[in-house]
Structure formats: structure tokens, C-alpha cells
Amino acid sequence: MFAGSFEACGKIIPVSYVQQAQNARKSRENQIRTFLEHRKWPSEGWDDISIELLLQELSVMDSNNFPGNVGAGEREGRVISSLVSRRHFRLSHGIGRSGDIAAVQPKAAGSSLLMKLTNCMALDAIKMAGVKSAKACLVLPVATGMSLVMTLLTLKQQRLGAKYVIWPRIDQKSCFKCILTAGFEPVIIENVLEGDELRTDLAAVEKKIKDLGSENIVCIMTTTSCFAPRTPDRLEEVAKLCKEQDVPHIVNNAYGVQSSKCMHLIQQAARIGRVDAFVQSTDKNFMVPVGGAIVAGFDEKFIDAVSKTYPGRASATPSIDLFITLLSLGSAGYQQLLQQRKEVYSYLSDGLSRVATTHGERLLSTKGNPISLAISLEKVTKGLELNAAGVTQLGSMLFTRCVSGARVVSPDSTKEINGYVFTGWGAHAQHYRCAYLTAAAAIGMTKADVDTFLKRLDKCLSKFSAKEVTVSGSIESDDQDEQELRDGNENGLQKIAGNEATDNSAVNR
């Protein structure tokens with residue numbers, strides 16, 4: 001409500017009441033004005049009313065919401081469903097223009113403002129998380145894999161004739177497929193085993209640069225966040241090589257923003273060597289719906305080139321989701337989440353070690369990995385003599401008990417991706433020493449989640465004890481609920497879900 005409107009209200013109800021409301025409104029307006037003037041991520045999170053007020057003010061700046069507006073073009077921000085319109089806060093023009101995803105749209109001043117402000121806050125978040133020297137970032141409306149494709153295609157324009165991407169192996173499909181999608185030839189560098197950890201083979205990377213010729217290499221693509229027992233790549237050493245050999249360096253930092261160690265590695269690598277860009281997921285790091293990623297770097301011109309590589313306009317939804325979330329949390333709220341994640345990591349590590357020891361297994365020593373943990377499954381595999389499918393039966397058992405995300409990996413599995421065959425797929429190595437199970441202490445996980453997970457894992461591992469295994473290798477059930485579950489009986493599933501809910505309540509108490 002505007003000043004003149006408040007005056008009119010004072011003629012209808014007591015002026016003192018109107019004055020109180022006007023003061024409250026001014027407080028929110030000052031909050032918004034300060035944000036717009038400084039373009040900095042607020043320390044304290046905003047309440048929903050303030051966020052919705054700002055979104056409403058932004059949306060009325062877009063032409064599709066102008067009173068009496070007549071759209072005579074083919075793209076006028078028309079939305080036929082009122083439900084869809086409300087879901088997007090009536091911001092229907094998207095972001096960017098045909099030649100630049102970061103360009104301001106004449107028809108969409110509000111959406112353009114939102115896009116710019118989201119990029120500013122995302123950069124603040126990256127700096128706060130540990131990469132203090134980052135100069136620019138861009139929120140893209142595609143997930144990490146496609147954002148890596150966009151980054152590679154930007155390099156393609158700058159490295160004419162280059163066709164190789166040197167890639168220390170990380171067994172995650174999108175990391176590998178992004179190289180193929182961009183039209184390049186991956187050069188796979190197998191990892192080296194140091195204790196339980198899989199580390200970057202620096203000698204092999206350096207040899208490939210010399211063999212292929214630096215001018216023929218598009219970039220080296222390293223990884224920070226990954227599943228144990230692999231650890232983050234040796235970013236500093238690779239960055240030095242890239243600087244010495246004049247080879248671009250792209251970092252896949254998919255869920256590394258939540259880890260101070262991953263962010264420190266990027267900061268140090270950029271300080272002593274070369275890092276052209278690092279890419280991270282919005283959903284994994286900021287707990288928003290899947291569909292966005294942040295491309296960040298230390299050269300504004302390169303990030304600007306990435307924005308110009310994107311063809312056409314794009315959905316504003318990932319930017320809207322991140323905008324709302326960052327304002328809601330505030331930098332202080334996000335810092336608290338990061339600290340809680342570290343505590344949960346230690347809690348999960350201790351708990352997994354106890355459960356593993358109980359069943360004759362051990363927590364793998366992967367201290368270099370700050371997010372993912374793994375326990376061996378040596379006794380399970382030796383006792384059952386199961387193949388890869390049998391080992392992963394443990395993962396299926398967990399999934400049917402509503403445990404998602406935990407991975408059971410057999411060193412014997414293989415995977416073909418576009419003609420490339422990977423032996424030991426999932427283990428990041430051709431012949432890892434044992435089968436294992438991984439679990440991640442990711443942002444948003446709680447200690448109560450850990451307790452429930454460990455309780456269910458303990459029950460599942462107990463099913464693999466020798467007395468419950470038949471000669472055929474199948475697992476016998478000692479209760480009717482488990483039998484109904486394997487048979488796919490719907491009533492059995494519901495019954496088990498109810499039992500597990502009871503268990504969860506007991507754990508929470």
C-alpha cells in the first residue's frame with residue numbers, strides 16, 4: 001500500500017492504527033531497499049511475507065502483468081493456468097535473451113532483476129563457503145552435467161582444433177557423458193590406490209599432456225565431491241600443471257559447496273595454479289528442487305562467455321527457487337547448516353564404524369573425503385560367494401526399507417557408456433580390493449536420520465549372517481513381514497512401513 005493509500009485509510013479507521021501499519025510496511029520496504037542497494041546476501045533470513053512482497057513487486061514490473069497490456073508477439077508471457085501462474089509468482093518471461101542468458105529483457109524488468117540478484121547472492125554464498133577470490137558466477141537453469149557441457153562448449157570456441165578432455169576417473173555417468181555430449185574425446189586417467197583411498201595419478205596426467213600436446217587438449221576436468229573410497233582430486237597439483245602447460249582446468253564441484261575442504265581446495269588451486277571455472281549443483285548444496293547449477297570462476301570474461309554460449313532464453317524457475325531459499329536462510333542460517341553437516345559427518349562416521357565392527361567389517365579409511373563414507377563388505381561377500389547382483393541385494397534391502405542414497409558397490413561390475421567399457425564401475429577403479437557400501441553426510445541430514453539409517457543397516461546386515469543363508473545364496477526370512485516384502489505383497493509393504501515408522505519414533509524419543 002502506498003503513502004496516499006495510507007492517508008485514505010486514515011479517514012476510514014483511526015489514524016493511530018493506520019500509522020502502526022504504515023511503520024511496519026516501511027520496515028519491510030527499508031529491508032528491500034537495502035538489499036537492492038547493496039546487492040548482498042542478507043545475514044539474517046527474511047520471513048515469508050517479506051520475500052513474497054519482494055516477489056510481488058518484481059512480478060508487477062514484467063509486461064505480462066501490466067494493466068491493459070496487449071501482447072502482439074509470439075512470446076508474451078501468457079500462462080493459461082492460474083495455478084501455474086501462482087506457482088511461478090507470475091514471473092513467466094524467464095531469464096535472458098536469445099544471445100545471452102544473463103542479458104536484461106525489455107519485457108521483463110522484474111525477472112531480470114531477480115536473475116541479477118540471485119547471481120549476486122550465489123557469488124556471496126560461494127565466497128562465504130571458502131572460495132573468497134571468486135570473481136563471478138552464473139546460475140544456469142540446467143543441472144550440473146549440462147552446465148559442464150555449456151562450460152566445455154565455451155572452451156571449444158577458445159581452443160579451436162582441441163578435442164581431448166583429460167578426465168581422472170569418477171564413476172558417475174553425467175560427469176563422463178558431458179564430455180561426449182560436448183563433442184570431445186575423453187582421456188580416462190585411472191586412479192591410484194593409497195591405503196583405502198583412490199587418488200589422482202598425477203604422473204599419468206602429466207604424461208598425457210606431453211603425449212597429446214597441450215594445444216590439442218580442451219581441458220583437464222577434475223572432481224572434488226565424490227563417493228568414497230575416491231577422494232577429491234589433487235587440485236593444487238593439477239592446477240600447477242595446467243598453468244605451466246597452458247591447459248584449461250574445469251572443476252566438477254557438484255556438491256562441494258557444503259564442504260569447506262572442497263572449497264579450500266578450489267581456492268588454493270586458483271591461488272597457485274589455473275582454474276578456469278568450477279560447477280556446482282543448486283539442489284545438492286542449497287536444498288532446492290533439481291534443475292539448476294552455478295558456474296563460477298575467477299575471470300569475469302570467461303563466465304560472461306559461458307552466458308553467451310547458452311542459446312535462447314531460459315526458465316527462471318531455478319533462479320526463483322534459489323532466490324527464495326537464500327533470502328529465507330540468510331548467510332547466518334546457511335553457515336549454521338554447514339556446521340551441522342560437519343557434526344553429522346563425524347556422527348555418521350562413528351556410527352558406521354560401530355555397525356561395521358559388529359558385523360566383522362570395517363570403516364574404510366578415507367579421511368580425504370569430507371562428505372562420503374564407506375564400510376567394507378568383505379565378510380558378506382566371502383560368506384555368500386555372491387556375484388555383483390548378489391552383493392547389491394543389500395542395497396535393494398535398504399531401499400525397500402526407505403533408505404535412499406546408500407550405494408552398494410561390487411568391484412566385479414562393468415558398465416558400457418557410448419562404447420566405453422568401465423571395469424569395476426561404481427568403484428572408480430578397475431580392481432578395488434573389496435565390495436563396500438557408501439553413505440553420505442550431506443547438508444540437511446540430521447543425527448536422527450543417521451540413527452534410523454544405522455538401525456536399518458544393522459538389521460539388513462544381520463540377514464546376511466551365515467545361519468540365514470541357504471546353499472543357493474538366497475537369504476532366508478525369519479519373519480513374515482520380510483517374506484511379504486520380497487513377494488511384493490502390498491499389504492506387507494504397508495505393514496513394514498508401519499513397523500519402521502514405529503522404530504523411527506522410538507529412535508527419535
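Two strands pair if DSSP finds at least two bridges between them, and helices (H or I, at least four residues) and strands (E, at least two) are DSSP runs numbered from the N terminus. Keep both rules at hand for this tour of a predicted model, in which local features need pLDDT of at least 70, side-chain atom pairs count only at pLDDT 80 or more, and totals for chains, interfaces and linings use all residues. Residues are numbered from 1 along each chain as its sequence is written, and side-chain values use heavy atoms, with hydrogens and water left out.

**Stop 1: the three-stranded sheet**

Select β11 (407–409) and strand β14 (residues 436–440). The two pair in the antiparallel sense over 3 bridges. Zoom in on Val408 and you will find Leu437 of β14 opposite. Now add β10 (372–376). You have an open antiparallel sheet of 3 strands in the order β10-β14-β11. Its edge strands, β10 and β11, each pair on one side only. Neighbouring strands here are turned by 25° against each other on average, direction ignored; axes are lines fitted to C-alpha atoms, for helices over the stretch in contact, and angles run from 0 to 180 degrees between N-to-C directions.

**Stop 2: Tyr432**

Next, pick Tyr432, in the loop between β13 (420–423) and β14. Is Tyr432 buried or exposed? Tyr432 counts as buried because its relative accessibility is 5%. The classes are: buried under 20% relative accessible area, exposed over 50%, partly exposed in between (1.4 Å probe, protein chains only).

Show the surroundings of Tyr432 with a contact cut-off of heavy atoms within 4.5 Å. Leaving aside residues up to four places away in sequence, Tyr432 touches Leu193, Asp196, Leu198, Pro229, Leu364, Pro411 and Ala427. For a distance label, try Asp412: Tyr432 and Asp412 are 20 residues apart in sequence and 8.8 Å apart in space, C-alpha to C-alpha.

**Stop 3: the seven-stranded sheet**

Move on to the open sheet of 7 strands, ordered β1-β9-β8-β7-β6-β2-β3 with mixed pairing. Its edges are β1 (136–140) and β3 (185–189), each pairing on one side only. On average, neighbouring strands of this sheet are turned by 20° against each other, direction ignored.

Inside this sheet, select strand β7 (residues 249–252) and strand β8 (residues 277–281), which pair in the parallel sense over 3 bridges. Two bridge partners to label are Ala277 for Ile250 and Val279 for Asn252.

Stay with β8 and colour by accessibility. Why is β8 described as largely enclosed by the rest of the structure? Because 5 of its 5 residues are buried. Both faces are covered, with Ala277, Val279 and Ser281 on one side and Phe278 and Gln280 on the other. Then bring in helix α5 (residues 109–129), which lies across β1, β8 and β9 (293–297) and runs at about 120° to β1.

**Stop 4: salt bridges**

The structure holds 19 salt bridges, each a side-chain nitrogen of Lys or Arg within 4 Å of a carboxyl oxygen of Asp or Glu. Here are some to display:

- Arg274 and Asp276 meet at 2.9 Å, N to O. Arg274 is partly exposed at 22% relative accessibility, while Asp276 is buried at 13%.
- Asp211 and Lys207 meet at 2.8 Å, N to O. Being 4 residues apart in helix α8 (residues 202–212), they are separated by about one helical turn. Asp211 is partly exposed, with a relative accessible area of 47%, and Lys207 is exposed at 51%.
- Arg25 and Glu29 meet at 2.8 Å, N to O. Both lie in helix α2, 4 residues apart, about one turn of the helix. Arg25 is buried at 18% relative accessibility, and Glu29 is partly exposed at 33%.

Add Glu57 to that last pair: salt bridges that share partners join Arg25, Glu29 and Glu57 into one network.

**Stop 5: a nonpolar surface patch**

Finish by following helix α2 (residues 15–38) to Leu36, which counts as partly exposed at 35% relative accessibility. Which residues form a nonpolar patch with Leu36? Select Val60, Met61 and Leu113; together with Leu36 they have about 280 Å² of accessible area.

Patches are made of residues with over 30% relative accessible area and no salt bridge, joining like charges within 9 Å and nonpolar side chains (Val, Leu, Ile, Met, Phe, Trp, Tyr) within 5 Å. Accessible areas come from the Shrake-Rupley method with a 1.4 Å probe; for residues, only the protein chains shown count as cover.
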